[in-house]
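Some labels in a structure description deserve a friendly "how do you know?" Let us put that question a few times and work through the answers together.

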Amino acid sequence: MDIRKTVTGESPITTDVGEVLAQQIKQKAKNLGFHKVGITAVADWAPDNRLQRWLAAGYHADMTWMENSKRQDIHQLMPEAKSLICVALNYYTPAQHRSEKAYAKISRYAWGRDYHRVLHKRLKALTTWLVAQGEGIEARYYADTGPVQDKVWAERAGLGWIAKNSNLITREYGSWVFLGEVLTNQWLPSDRPHTNHCGTCTRCLDACPTGAIPQPYQVDANRCIAYHTIENRAAALPNLNFHGWVAGCDLCQEVCPWNQRFAQPTDIADFQPHPWNLAPTLSELVTLTDAEYERRFTGSALRRIKPWMLRRNAHHNLRFNLSSNRMMNQRHY
Ligand code: B12
Ligand code: SF4
Ligand code: SF4
């Protein structure tokens with residue numbers, strides 16, 4: 001069948017050819033190692049006000065780049081876009097964090113190779129392949145770094161649901177997945193949006209040690225350890241106990257029953273933890289030199305956290321450990 005003749009038209013009507021191309025795209029994505037893939041139309045997208053409300057509440061803290069209007073309205077990003085192909089990569093590995101206070105905790109997302117590189121390599125291959133399928137086919141890919149609401153689109157494309165901790169949960173892998181997407185000018189049949197399965201559970205809200213989930217589905221970055229350790233560029237951190245976290249925070253995901261039941265080890269070698277990332281000590285990090293940082297974190301997602309920030313984060317935790325030790329000692333005497 002010659003896809004070129006029928007797919008590039010302006011009609012929103014799903015053709016058999018669109019169906020065939022959609023199946024081919026999904027097969028190609030699976031062959032490239034993506035664990036989940038789904039498709040959704042963008043033509044009927046009307047910006048909702050959720051992101052706007054989140055911004056109006058000031059929940060984005062100093063992340064002013066979140067105000068980019070393209071993030072609200074995908075048509076501004078690619079006016080000719082008709083469909084969006086969403087993909088997910090499972091990054092879970094069975095290693096666990098050390099619980100002793102001397103150790104620094106690095107989130108699972110940053111244990112292995114930088115996920116942007118891993119996703120982008122596969123997304124680029126998928127995009128190049130798609131463009132080669134017919135004349136006039138245009139496609140562009142994004143993963144995390146572009147002004148696209150990755151979770152919103154992934155939910156619409158049926159990959160999983162946006163949960164009360166605000167992460168996207170898949171039935172097969174829990175929320176330990178990275179998200180990315182390919183935008184295209186092709187009409188493709190949409191998958192069904194995913195239904196929500198949080199039910200009456202509130203474990204993530206109860207477990208967040210800083211009260212950063214004031215209501216279900218709302219994360220206030222001003223109180224979120226992940227924000228302060230990764231994004232906050234200020235010299236001084238707020239007086240919040242980070243509980244040993246120096247790079248992101250996994251607490252609201254670790255307590256989630258879906259993750260506890262359905263997480264499965266990834267088959268992607270790049271996501272295997274670098275041994276040093278599993279259990280560095282706070283005192284090692286507080287004195288980490290820039291040269292040592294360069295040596296240890298080549299090709300790592302931790303590079304978003306500058307060396308001075310890692311030292312700052314470690315110092316912040318050590319200060320809390322010290323003051324809690326003092327309080328314990330006062331109780332003894
Ligand atoms: C900004 C950002 C952050 C910020 C803000 C977090 C946040 N929740 O928005 C900070 C730095 C804190 C952060 C932390 C983390 N992040 Co982040 N982050 C992003 C980024 C760049 C934008 C997210 C965004 O649009 N936020 C804006 C708000 C408005 O969106 P929202 O949180 O989804 O909240 C809305 C929905 O929940 C919606 N909603 C949905 N359903 C319902 C239902 C009802 C009833 C209601 C009322 C509302 C509602 O309304 C909310 C707004 O009001 C995305 C990448 C991208 N380009 O999309 C990655 C992304 C979300 N992050 C990711 C990850 C992995 C993390 C961390 C787990 C890393 C870590 N271990 O530390 C933590 C998780 C913290 C948490 N609980 O959210 C992944 C998530 C993958 C997944 N499975 O969901 C993403 C998708 C990156 C990627 N491409 O893989 N992140
Ligand atoms: S990442 Fe940590 S601090 Fe942020 S909402 Fe989840 S549990 Fe709370
Ligand atoms: S802990 Fe419960 S409420 Fe929170 S994301 Fe998981 S299922 Fe949803």
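What follows is a set of questions and answers about this predicted model.

Q: What makes the protein chain count as compact as a globular protein of its length?
A: Start with its make-up: the chain has 15 helices and eight strands. Its radius of gyration is 21 Å, and the globule rule gives 20 Å for 333 residues, so the chain is as compact as a globular protein of that length. Along the principal axes, the C-alpha atoms fill a box of roughly 85 × 40 × 35 Å.

Q: How much of the protein chain is buried?
A: Buried residues account for 39% of the 333 residues. A residue earns that label when 20 or more other C-beta atoms lie within 10 Å of its own.

Q: Why is Glu 100 called exposed?
A: The cut-off for exposed is 12 or fewer C-beta neighbours within 10 Å. Glu 100 has 9 inside that distance, so it counts as exposed. You will find Glu 100 in the loop between β2 (83-90) and β3 (105-106). Its C-alpha atom is 34 Å from that of Gly 199, a residue 99 positions away along the chain.

Q: Which strands form the open sheet, and in what order?
A: The order is β1-β2-β7-β4, with antiparallel pairing. The edge strands are β1 (36-41) and β4 (139-142), because each of them pairs on one side only, and an edge is just that. From one strand to the next, the twist averages 20°.

Q: How do you know that β7 pairs with β2 and with β4?
A: Two strands pair if at least two bridges are found between them. Eight bridges join β2 to β7, and four join β4 to β7. Both pairs run antiparallel. To see this in the model, look at Ala 88, which stands opposite Leu 179 in β7, and at Ala 139, whose bridge partner in β7 is Thr 184.

Q: Which helices pack on the sheet?
A: Helix α2 (residues 16-31) touches β1 and β2, and its direction makes about 150° with that of β1. Helix α6 (residues 115-131) touches β2, β4 and β7, and its direction makes about 25° with that of β7.

Q: Why is β7 described as largely enclosed by the rest of the structure?
A: Eight of the eight residues of β7 are buried, so the strand is largely enclosed. Val 177, Leu 179, Glu 181 and Leu 183 point one way, while Phe 178, Gly 180, Val 182 and Thr 184 point the other way, and all are buried. In a regular strand, side chains alternate between the two faces of the sheet.

Q: What makes up the shell around ligand 1?
A: Ligand 1 is surrounded by 36 residues, and the closest are Ser 107, Asp 150, Leu 168, Ala 226 and Gly 248. Two or more residues each come from α3 (50-56), α7 (150-156), β7 (177-184) and α9. The largest share, four residues, is from α3. By class, the shell has 21 nonpolar, eight polar and seven charged residues.

Q: How do the residues around ligand 2 divide by class?
A: They divide into 10 nonpolar, two polar and no charged. Among them are Cys 208, Cys 224, Cys 249 and Cys 252, together with Asn 165 and Thr 210. Cys counts as nonpolar in this scheme. Helices α9 (225-230) and α10 (251-254) each supply at least two residues of this shell.

Terms used
Residues numbered from 1 in each chain as written. Chains lettered and ligands numbered in written order. Predicted model: local features only at pLDDT ≥ 70, side-chain atom pairs only at ≥ 80, totals over all residues. Near = placed C-beta within 6 Å. Rg over C-alpha atoms; globule rule 2.2 N^0.38 Å. Axes fitted to C-alpha atoms, helices over the stretch in contact; angles between N-to-C directions. Contact = placed C-beta atoms within 7 Å.
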